[in-house]
Amino acid sequence: MARRPLPRILTDSAPVARGREFARSAADSAADVFHPLIMISRGLRRLLAAGRRRWSDTPEDRRGTLLFMAAGSVLAVALVPYGPLLALVTVMGAAAWAGRERPAEEPTGPADAETDRLRALYEALVPYFAIEGDPNPLYAHDGDWESVFTDYEFDETGRPSRFTLKYPPYFTDGDAASRARIEQVLHAKSGRGREYHFSWNEEANQLTLSVLPPLPTDIAAQQFVTTHGETVLGFTDPDAVQRTLPVAAGEETRDEPPVIWRTGLRSTEPHLLVLGRPGAGTTTLLRSIALQALFYGDVLVIDGNGTGEYACLAGRTGVMGVETGLSGAMATLEWAAHETERRLITANRARQAGRQAPDDIRWPLWIIIDRPTALAHLAAAEGREDPQQLLHVPLRHGRAAYVTVVVADQIDSAGMLSEPVLTHTRARVVLGPAAPEEVEAVLGAPPHTTPAADVPPGRGYARLGSGPVLRLQVPVTPDPFDDATSEAHRQAVLSLLPERAAGVGAPPEEMSETIRTADAEAAGAAEAGEAEEVTESVKNAAGAGDTAVAEVTADAEDTAGTDRLAGTDRTAELEGADEEADEGAVTTAATDPDRTAAPADPATPSASITSATPATSANAPRTTKAIGVDVLFGGVAPAPSSAQPAPREATVPSEHA
C-alpha cells in the first residue's frame, strides 16, 4: 500500500515565514500605537509605588495630618474652575515623565578586582601609618579603606593608574627615608614595569601616585625655535615646564615641553656636567649641544675616547678644532685658558673706557670635553699635568667672558673628576639606568619618580641649578658617519652642520700654485712621454709646501710660548677684571689711563685652530636659517647675517708665507 504525501500546508514553509513577518509587523505597529498608553501606565505604577513607600515611611502620629492635607488639596482642586481637568492633565504628565525609558545606570565604584587591589594597598600601608595608642586610627587591619582613597583610576588591565590617599598627620613626611619606604611599597603593590610619580602634599596630608607616560623617542636633531643663549637639552613631561616647542617627528609636527638650558652673562648655571654609563647617550647629548652652539658661537671639541665620534665636526665653519690626543688636548686647553683671560681683560678695559665690549669678545666660545678622565689616565702615565686643571680659568671666569664648558664622562669615573669641574658645573644631567642614590649624589636631590624598567638611549634626569629634578629624553643625534645610523637621522644631522671652512686643510697659496703648475706639467709630460721627470718636480713642490707649513707651525708655537710667559704678569689684572665683570661696575678712563690701552693679540696653540668671529654683530646667527622667535615669544630676535662670518686664522708673518 503506497504512502500518502503530507498536505502542502505542512511541507511549504513560505506561508509560515510570511505569517511570522506579518505578526512581527503587527506587533511593532501596535507597540508604536499603544506606546504612550504603556508609558503612562508604567508611570502610574511607579507613582503608586512611590506613594506607598512614602506612606509606609511616614510615622503613625503624622499620618492623620497627611490625610487631612490630601483631602484639602482634592477639595480645592474640585472648587477651582477647570480644576479636575487640570489635575488630570498634571497627573498624566507626571505619569508620562515617571514612565519614560531610562538608560541603564552604570555601576558606581570600583569592580571586585579593583576593590581587592585597593584593599591590598591599604593593608600594606598599615604597618607604616598605624601606631599604638591612636584613639581614632586611620589605618588598621580590616579597616575602612574607602575613607583613605579619595580618588582612584584604573587602566585597561585593572592596575591603578592614579590615586590619592590620606595619611595620618603624625607621619614624618619630611623625612626622606620615611618617604622612600612608602614609595617603595606603593611601587611594588601597584605593579612593576611602569614609571610612577609621587606628589606629597604635606599641608593636606595627602599622597598622589600617578603613572607617567613614556617620553617621546622619535624626535631627531633639528633646528629648534630658541633665542640666543638657549640650548635644548631634551624633552620632559608636560606638567614639569611652562613652555612648549614645535618639533618635527617624522611627517607630523607637534608641540613638546623642552628642557632649556640658558647660558651667558645672566646665567646662574653657565657650565654643564653630563654623567652616564656606556651607551647611555652622553656623546649624543654633546653632539646635539655642539650643533646648536654652532648657530651662535664657536665650538672647541676634545674627544678623550679617541673613537672619532665628532669627526663630522672637523673642518666645519665655527669648529676651532677637534682634538683626540693628549698633546693636542693639553695645547688646546692651554689656549682656551689664555683666550678666557684675554676676553676678560679686553672686556674690562672696554668697560673702564665706557664702551661696549668688542664683537669678538661677545661671540660665545663653547668648550666641549668628552671623557676627560681618560686623558687624565694618559697624563698620569706620562708624568704630565692633569688636563682638567687647565679648565680652572674657563670654569671660574667663563661666564663673564662668554665661555661655556660642557663636560661628559662615565658615572663610574665621577670620583676622578677634578674639584673645579665638580664645583663650577651647576647644571647636571644623568643618563642611562642609575639607582636613586646615584642620581641624588650627582644632581643633589632625589628624583620624584621610580626608575624606569626599559631605559632607551638618551633617557635620564636633569637638574639646572637648584631647580627641580626633571625627566629627560635627548633628541636622536647619532654620528652621521656610523654605518648603523639610519638615512633619515644621517640627513637630519648633516643638514645642521655648517659648511666647511675655506682655509681648513688647504695648502698655502704659493704651495697650491706650485702643485697646480706641477700637475699641469705632469699632464703635458704624460702625453709627451716625460712622466718621470715631472713626477720628480711634483715631489719637490710637495716638499717645499711641507717646509712652509712647518715654518708656520713653528712660528705659531713661538707666539703661544710668548703669550704664556706674559700670562703670569696679567694674573693680577685678570682677577680685577673678573671681579668688576661680576659686579657690573663701569668706571671712567680718567681713573687709570694706562689700562685703556689695546689688549695684546691672542695666541693660538697651533696653526690648525682658527677662530671664526662674526663679521657684524655678536648676536647675529651664523647662517641665514634664523627663526622668527620675536613673533613667537615677543622678544627681539637678532637679524640674520647676510654673509658668513669671516674666519680669523692664525697670523703668519710675511717671511714665512
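How many of the six residues of strand E15 are buried? In this predicted model, five of the six residues of E15 (residues 459-464) are buried, so the strand is largely enclosed by the rest of the structure.

**Strand E15 and its partners**

Strand E14 (residues 427-431) is joined to E15 by five bridges, and the two run antiparallel. Within this pair, Val429 faces Ala462 of E15. E15 is also joined to strand E16 (residues 470-473), here by four bridges and again in an antiparallel arrangement. Arg459 has Gln473 in E16 as its bridge partner. E15 and E16 form a hairpin with five residues between the strands, and in this hairpin Gly465 takes a positive phi near 65 degrees.

The antiparallel strand pairs described in this report that have a stated bridge count are listed below.

| Strand pair | Bridges | Residues standing opposite or paired |
|---|---|---|
| E14 and E15 | five bridges | Val429 and Ala462 |
| E15 and E16 | four bridges | Arg459 and Gln473 |
| E3 and E4 | six bridges | Tyr196 and Val211 |

**A four-stranded sheet and its helices**

Another part of the model holds an open sheet of four strands, in the order E1-E2-E4-E3, with antiparallel pairing. Strands E1 (149-154) and E3 (196-201) stand at the edges; each has a single partner strand, so one side of each lacks a neighbour in the sheet. On average, neighbouring strands of this sheet are turned by 10 degrees against each other, direction ignored. In a regular strand, side chains alternate between the two faces of the sheet.

The antiparallel pair of E3 and E4 (residues 206-211) is joined by six bridges, and Tyr196 stands opposite Val211 in E4. Helix H7 (residues 176-190) packs on the sheet and touches E2, E3 and E4; its direction makes about 140 degrees with that of E3. Helix H6 (residues 112-129) lies across E1 and strand E2 (160-166), running at about 135 degrees to E1.

**The surface**

Val33, Phe34, Leu37 and Ile38 make a nonpolar surface patch of about 400 Å². Of these residues, Val33 lies in helix H2 (residues 14-33). Val33 counts as exposed because its relative accessibility is 59%, and the cut-off for exposed is over 50%.

**The protein as a whole**

The secondary structure comes to 19 helices and 18 strands. Of the 657 residues in the protein, 41% are buried. The protein exposes about 35700 Å², of which carbon and sulfur atoms supply 55%. Among contacts between residues at least 6 apart in sequence, 68% join residues at least 24 apart.

Terms used: Residues numbered from 1 in each chain as written. Predicted model: local features only at pLDDT ≥ 70, side-chain atom pairs only at ≥ 80, totals over all residues. Heavy atoms only, no water. Pairing = 2+ DSSP bridges. Axes fitted to C-alpha atoms, helices over the stretch in contact; angles between N-to-C directions. Contact = heavy atoms within 4.5 Å. Buried < 20%, exposed > 50% of the residue type's maximum accessible area, 1.4 Å probe, protein only. Areas by Shrake-Rupley, 256 points an atom, 1.4 Å probe, with all protein chains shown as cover. Patch = residues over 30% accessible without salt bridge, like charges linked within 9 Å, V, L, I, M, F, W, Y side chains within 5 Å. Salt bridge = Lys/Arg side-chain N within 4 Å of Asp/Glu carboxyl O.
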